[in-house]
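Please open the model in your viewer and keep the sequence panel beside it. The tour below proceeds by selections, and each stop says what to pick next and what is to be found there.

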Amino acid sequence: MVDIAQPGERIPIASDHAGFELKERLRTVLADLGYAVDDIGTHSTASTDYPDYAHPLSQQVSDGAAARGVLLCGTGLGMSYVANRYPGVRAAVVWSPEIAALARKHNDANVLVLPARFVSDEDAIAILRTWLDTPFEGGRHEARVSKIEQTNERNGADATGSPA
Ligand code: RB5
């Protein structure tokens, strides 16, 4: 379970070229809210490969070096594919504040992934703030989230995914 963000917390953020401009905006928002922003890059709109930025950020969250992080690319998809390969990382592609709230309440999302080409700056800021301030609900969601790291076999299901 990931506690809600506290001012002063170091929050890594990273994007590829498609997310660069929105990352710059969100970097300022995070700093204004009192977070210690760790900008992993990219640092311009020059074409780059999203995995080069998703890997180092996801490693930090997986290791516990950072409690949470923010990733941006054009669709959010490439960044989320990389991030969700890391143990303990729950990366959510989010396009509305409502989804941001549910990603925290139900899924304890510790990486926020924004589809920079498909959200306005204003929506992205509202999404970021909601994601930072919404606690995990726990309860029935606790067991579900802990099952994410299980394999099909360990979960007691047969090859079709049906409960054994
Ligand atoms: C870059 O053109 C784009 O493919 C990338 O930002 C992202 O959307 C990949 O998933």
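## Starting at Tyr86

Begin by selecting Tyr86, which touches Ser58, Gln59, Val61 and Ser62 when residues up to four places away in sequence are left out of the count. Bear in mind from this first stop onward that the model is a predicted one. Tyr86 lies in the loop between α3 (77-83) and β4 (91-93), and because it has 19 C-beta neighbours inside 10 Å, it counts as partly exposed. If you add His55 to the selection and draw a distance between the two C-alpha atoms, the separation is 8.7 Å, although Tyr86 and His55 are 31 residues apart in sequence.

Next select Arg85, whose place is also in the loop between α3 and β4. Arg85 has 14 C-beta neighbours inside 10 Å and therefore counts as partly exposed. From Arg85 to Thr48 the C-alpha to C-alpha distance is 20 Å, with their positions 37 residues apart in sequence.

## The shell around the ligand

Now select the ligand together with the residues around it, which are Asp16, Ala18, Tyr50, Cys73, Gly74, Thr75, Leu77 and Gly78. Colouring this shell by residue class gives 4 nonpolar, 3 polar and 1 charged.

## Two backbone details

Two loops are worth inspecting with the backbone shown as sticks. As background, most residues other than glycine have a negative phi, and most peptide bonds are trans.

Select Gly41 and Thr42, and look at the peptide bond that runs from the one to the other: it is cis, with omega near 5°. Thr42 is placed in the loop between β2 (36-41) and α2 (51-63).

Then move to Asp108, which is not a glycine and yet has a positive phi of about 50°. Asp108 is found in the loop between α4 (97-105) and β5 (111-115). Is Asp108 buried or exposed, judged by the other C-beta atoms within 10 Å? There are 21 of them, so Asp108 is buried.

## Helix α5 and its partners

For the helices, switch to a cartoon view with axes drawn if your viewer offers them. Two packed helices are described by the angle between their axes and the distance between the axes.

Select α4 and helix α5 (residues 121-133), whose axes come within 8 Å and cross at roughly 20°. Because angles under 35 degrees count as roughly parallel, α4 is roughly parallel to α5. The crossing of this pair, α4 and α5, is right-handed. To see the contact itself, show the side chains of Pro97, Ala100, Ala101, Ala103 and Arg104 on α4, and of Ala126, Ile127, Thr130 and Trp131 on α5. By class, these contact residues of α4 and α5 comprise 7 nonpolar, 1 polar and 1 charged.

Keep α5 selected and exchange α4 for helix α1 (residues 20-32), which packs with α5 at an angle of about 45°, the axes being 11 Å apart. The two helices α1 and α5 are therefore oblique to each other, and their crossing is right-handed. On the α1 side, Leu22, Arg25, Leu26 and Val29 meet Asp121, Ala124, Ile125 and Leu128 on the α5 side. This contact of α1 with α5 has 6 nonpolar and 2 charged residues, and no polar ones.

From that contact, pick out Ile125, which is placed in helix α5. Ile125 has 17 other C-beta atoms within 10 Å and so is partly exposed. Adding Leu30 to the selection shows two C-alpha atoms separated by 9.4 Å, while Ile125 and Leu30 are 95 residues apart along the chain.

## Last stop: Asp3

Finish by selecting Asp3, which is found in the segment before β1 (10-15). Asp3 counts as exposed, because it has 10 C-beta neighbours inside 10 Å. Where does Arg68 lie relative to Asp3, C-alpha to C-alpha? The two are 9.6 Å apart in space, and 65 residues apart in sequence.

Note on methods
Residues are numbered from 1 along each chain as its sequence is written. This is a predicted model: local features need pLDDT of at least 70, side-chain atom pairs count only at pLDDT 80 or more; totals for chains, interfaces and linings use all residues. A residue is near a molecule or strand if its C-beta atom, placed from the backbone, lies within 6 Å of it. Ala, Val, Leu, Ile, Met, Phe, Trp, Tyr, Cys and Pro count as nonpolar, Asp, Glu, Lys and Arg as charged, and the others, Gly among them, as polar. Helices (H or I, at least four residues) and strands (E, at least two) are DSSP runs, numbered from the N terminus. A residue is buried if 20 or more other C-beta atoms lie within 10 Å of its own, exposed if 12 or fewer, and partly exposed in between; C-beta atoms are placed from the backbone. Axes are lines fitted to C-alpha atoms, for helices over the stretch in contact, and angles run from 0 to 180 degrees between N-to-C directions. Angles under 35 degrees count as roughly parallel, over 145 as roughly antiparallel, 65 to 115 as roughly perpendicular and the rest as oblique. A crossing is left-handed if the near helix is turned anticlockwise from the far one by less than a right angle, and right-handed if clockwise. Two residues are in contact if their C-beta atoms, placed from the backbone, lie within 7 Å.
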